[in-house]
Amino acid sequence: MNAFQLTWTIPAAEEGMLIRDYLKEKNISKRALTDIKFGGGCILVNGEQATVRFKLKSGDVLKVIFPVEKPSSGMLPEKVNFGIVYEDEWCLVINKPPYLPTIPSREHPGGTLANGLLFYYREKGIDATIHVVNRLDKDTSGLMLVAKHRFAHSLFSTLQKQGGIKRTYAALVEGKVLVKQGTISAPIGRKEDSIIERTVRDDGKLAVTHYQAIAFSECNTLVSLKLETGRTHQIRVHMSHIGHPLCGDSLYGGSHRLLSRQALHSAELSFFHPFLEKEMNFKIDLPNDIRSVINKKDSC
């Protein structure tokens with residue numbers, strides 16, 4: 001099996017550091033080190049096994065081999081269609097099609113993106129479990145970031161909490177948005193008597209959405225949206241709140257006449273790659289179903 005591993009050549013400035021201190025600077029926690037020690041991983045210096053108390057010298061090659069991750073026996077690999085926009089040894093950027101659940105649930109125990117990823121990993125000989133960084137709703141299409149290892153996921157998740165993963169969405173909404181650019185700042189909370197639906201309410205959590213109208217059809221508007229916060233259903237709730245529900249979003253006042261799902265698409269994704277140490281930027285075109293409604297002459 002191919003275990004996830006990281007390798008560094010020690011610079012002169014780091015000479016004399018203990019391995020545990022060096023790895024702490026690389027964001028490898030005590031918990032991760034314990035997992036490495038007792039879970040089947042190891043630490044090597046110049047090819048020889050070493051403990052965390054080893055004192056490093058300039059030019060040493062330090063390698064950390066993490067324990068092999070084993071997928072849950074309850075999740076089966078299944079061939080599922082999805083697009084891969086980018087891949088390296090640490091992560092994948094996925095183009096998720098609409099109607100595909102991200103992970104199994106009671107309503108969708110199989111046939112999910114996670115099942116498809118397991119199948120892909122098995123076909124490619126990749127030893128990894130599923131570590132989704134930014135999940136999309138079943139009916140939302142577009143770009144998603146997936147980490148290939150628990151440690152990589154921890155770095156990406158920290159980045160996300162710090163606002164370091166930027167996403168731009170495209171949504172087709174009902175009606176013509178007359179104020180072509182603006183910010184919606186309206187707190188969102190759970191709607192009474194519903195475990196799914198959210199609503200704008202005074203005692204809700206802060207929610208801020210920036211939008212810009214970028215194209216118009218006869219009775220609909222294509223808007224670009226950026227989020228300052230990440231509340232459940234935030235875009236859907238906010239656009240409905242200002243009188244422009246997403247096409248196909250019957251939960252929040254939209255019609256199914258032109259689309260059978262909410263017309264929401266994760267169009268752009270950018271983040272600072274913690275391993276390559278550079279900014280990564282990705283864009284993906286609108287899916288055919290949204291594009292066809294925009295091009296439809298009579299969309300009212």
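**Exercise 1. Find where His233 sits and describe its backbone.**

His233 lies in the loop between β14 (220–227) and α5. Helices and strands here are DSSP runs, numbered from the N terminus: H or I with at least four residues for a helix, E with at least two for a strand. Before going on, a word on the ground rules: residues are numbered from 1 along each chain as its sequence is written. This is a predicted model, where local features need pLDDT of at least 70, side-chain atom pairs count only at pLDDT 80 or more, and totals for chains, interfaces and linings use all residues, while side-chain values use heavy atoms, with hydrogens and water left out.

Step 1: check the backbone. His233 has a positive phi of about 60° although it is not a glycine. Most residues other than glycine have a negative phi.

Step 2: check the cover. His233 is buried, with a relative accessible area of 14%. Buried means under 20% relative accessible area, exposed over 50%, and partly exposed in between (1.4 Å probe, protein chains only).

Step 3: do it again for Tyr99. Tyr99 also isn't a glycine, yet it has a positive phi of about 70°. Look for Tyr99 in the loop between β6 (91–96) and α3 (113–124). With a relative accessible area of 40%, Tyr99 is partly exposed.

**Exercise 2. Sketch the chain as a whole.**

Step 1: count the elements. You should get six helices and 16 strands.

Step 2: get the dimensions. The C-alpha trace spans about 70 × 40 × 40 Å along its principal axes.

Step 3: work out the cover. Of the chain's 300 residues, 46% count as buried.

**Exercise 3. Go through the salt bridges and say which parts of the chain they join.**

Step 1: set the rule and the total. A salt bridge needs a side-chain nitrogen of Lys or Arg within 4 Å of a carboxyl oxygen of Asp or Glu. The structure holds nine of them.

Step 2: take Glu87 and Lys148. Their side chains meet in a salt bridge at 2.7 Å, N to O. Glu87 lies in strand β5 (residues 83–87) and Lys148 in the loop between β8 (141–147) and α4 (150–161), so the pair ties together parts that are 61 residues apart in sequence. Glu87 counts as partly exposed at 30% relative accessibility, and Lys148 counts as buried at 9%.

Step 3: move to Arg236 and Asp249. This salt bridge is 2.7 Å, N to O. Arg236 is in helix α5 (residues 234–241) and Asp249 in the loop between α5 and β15 (264–273), 13 residues apart, and the pair links distant parts of the chain. Arg236 is buried at 7% relative accessibility, and Asp249 is buried with a relative accessible area of 1%.

Step 4: finish with Asp289 and Arg261. Their side chains meet in a salt bridge at 2.9 Å, N to O. Asp289 lies in helix α6 (residues 288–295) and Arg261 in the loop between α5 and β15, so the pair ties together parts that are 28 residues apart in sequence. Arg261 is buried, with a relative accessible area of 0%.

Step 5: look for shared partners. Asp35, Glu69 and Arg150 are joined into one network by salt bridges that share partners. Arg150 lies in helix α4 and counts as partly exposed at 45% relative accessibility.

**Exercise 4. Decide whether Cys247 is bonded or free of a disulfide.**

Step 1: recall the chemistry. A disulfide is a covalent bond between the sulfur atoms of two cysteines. The cut-off here is a pair of cysteine sulfur atoms within 2.5 Å.

Step 2: look for the closest partner. The sulfur of Cys247 is 9.7 Å from the closest cysteine sulfur, in Cys219, too far for a bond.

Step 3: widen the search. Over the whole structure, zero disulfides turn up.

Step 4: add the cover. Cys247 counts as buried at 2% relative accessibility, and Cys42 counts as buried at 18%.

**Exercise 5. Place Arg135 in the chain.**

Step 1: find its element. Arg135 is in the loop between β7 (131–132) and β8.

Step 2: read the cover. Arg135 is exposed, with a relative accessible area of 54%.

Step 3: take a distance. The C-alpha atoms of Arg135 and Ile284 are separated by 17 Å, and the two residues are 149 residues apart along the chain.
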